[in-house]
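Welcome! Let's take a walk through this protein by way of its charged side chains. Have a look at the structure first, and then we will go from pair to pair.

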Amino acid sequence: MLPMKNTLLWFFIAISLVHFIPLVVSGVEVGNTFVDFNLEDPHGKKYSPSYLKDKITLVVLQNKTTLQDAINGKTELKKVIQDNPLVQMISIMDLRKRPALIPKGVLKSKISSQDPTSKEIPFLLDWGGAVTKALGGLDNKCKILIVDQALKVVYHQAYHKPSIDGEIKTVITGLSGGQK
């Protein structure tokens, strides 16, 4: 019976680490206040933390290598939040590794044309990557954060369909008082 207990113990430790390590490595932890930022969308409209205040916000962190994953994720996540007026979504794109010779204006229009969700979901451009880095964004992963009405990070995870959609729906329903 003792070997079975050890096996179960190691199993629970492994599962705990899988869920705990992304929070430690990420740069932002659940419970922390969302970072201060001042970013603009491709049309020059400026956004700051005041845009997030009093709403539950899904934040999608992406970069040019995860653009298609982010588009797919945002399309699915829109379905999860569409009937809840307390919830909004923004996308922040890390542009630290943008092609150096392409002017910003050309890059803005190219990104906007490639991402059909950018018309409905504010698409914020992080030219220096400071905001994305502070939030734990990675070069090869699309990440999802949920920020509550008081600007506290309540969820932070790499996006992987389909299991994350159920997790997000549960968190949002809880934050919005059962409203779906």
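What follows is a short tour of salt bridges in this predicted model.

A good place to begin is the general idea: side chains of opposite charge can pair when their charged atoms come close. Searching the whole structure turns up six salt bridges, and we will visit some of them here.

Let's start with Asp115 and Lys74, whose closest N and O atoms are 2.6 Å apart. This salt bridge links distant parts of the chain, since its partners are 41 residues apart. Asp115 sits in the loop between helix 4 (104-114) and strand 5 (123-126), while Lys74 belongs to helix 3 (residues 67-81). Are these two residues buried or exposed? Asp115 has a relative accessible area of 0%, so it counts as buried. Lys74 is buried as well, with a relative accessible area of 0%.

Staying in helix 3, you will find Lys79 and Glu76, placed three residues apart, or about one turn of the helix. Their side chains form a salt bridge with an N to O distance of 3.2 Å. Glu76 is partly exposed, because its relative accessible area of 24% falls between the 20% and 50% cut-offs.

Our last stop is Glu40, whose side chain meets that of Lys46 in a salt bridge, 3.2 Å from N to O. Glu40 is partly exposed, at 21% relative accessible area, whereas Lys46 is exposed, at 57%. Which residues are joined into one network by salt bridges that share partners? They are Glu40, Lys46 and Lys108.

Note on methods: Residues are numbered from 1 along each chain as its sequence is written. This is a predicted model: local features need pLDDT of at least 70, side-chain atom pairs count only at pLDDT 80 or more; totals for chains, interfaces and linings use all residues. Side-chain values use heavy atoms; hydrogens and water are left out. A salt bridge is a side-chain nitrogen of Lys or Arg within 4 Å of a carboxyl oxygen of Asp or Glu. Buried means under 20% relative accessible area, exposed over 50%, partly exposed in between (1.4 Å probe, protein chains only). Helices (H or I, at least four residues) and strands (E, at least two) are DSSP runs, numbered from the N terminus.
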